[in-house]
Amino acid sequence: MPAPDDTAEQIAALLDGIVRRQRRGSREGFKDSVTHGQFRVLRTLDRAGRALRLSELAAQLGIVPRSATSVVDDLETAGLVARHPDPNDRRATLVDLTPAGRQILTTLREKRRSVMATQLARLTPAEQETLAHLLHRLTED
């Protein structure tokens, strides 16, 4: 039986490999795909269901506002997000998804789901349920 530290390292390495394979597979066929950080911004805006202030977006992402600004700049240049003045505060700017941003997010999610389904096909339905249950337990706060 491996030592607990060895088991933890082995699990970490396996999860890293799965995530890398997932990201690589999800981006296949997208020559100008978004980065993982950009995907996180798009996903966060979508989940919010409304435009967010840059500071609010940064807080939800767990990054500093300057980093959020940089990612939003790139997404805005690509036409995937738009900035608008905050009607409640002239000094603040709101960021929201554009139709193109929503479309690429939908496409990337579908591709990601397909890649994961291919990986999960190696497992029986019972094994998939067990894996989902264990991952949920690991992500509980």
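**Exercises on a predicted model**

D86 is buried, with a relative accessible area of 7% (buried means under 20%, exposed over 50%, partly exposed in between, with a 1.4 Å probe and protein chains only). This is a predicted model, where local features need pLDDT of at least 70, side-chain atom pairs count only at pLDDT 80 or more, and totals for chains, interfaces and linings use all residues. Residues are numbered from 1 along each chain as its sequence is written, and side-chain values use heavy atoms, leaving out hydrogens and water.

**Exercise 1.** Find the salt bridge partner of D86, and say where the two residues lie.

*Solution.* Start with the contact: D86 pairs with R53, their closest N and O atoms being 2.9 Å apart (a salt bridge is a side-chain nitrogen of Lys or Arg within 4 Å of a carboxyl oxygen of Asp or Glu). Next, place the pair: R53 sits in strand 1 (residues 52-53) and D86 in strand 2 (residues 81-86), 33 residues apart. Strands here are DSSP runs of E with at least two residues, and helices runs of H or I with at least four, numbered from the N terminus.

**Exercise 2.** Work out which salt bridge joins R53 to strand 3.

*Solution.* Look at D89 now: D89 forms a salt bridge with R53, with 3.5 Å between the closest N and O atoms. This pair also links distant parts of the chain, D89 in strand 3 (residues 89-97) and R53 in strand 1, 36 residues apart. Finally, check the exposure: D89 is buried at 16% relative accessible area, whereas R53 is partly exposed at 31%.
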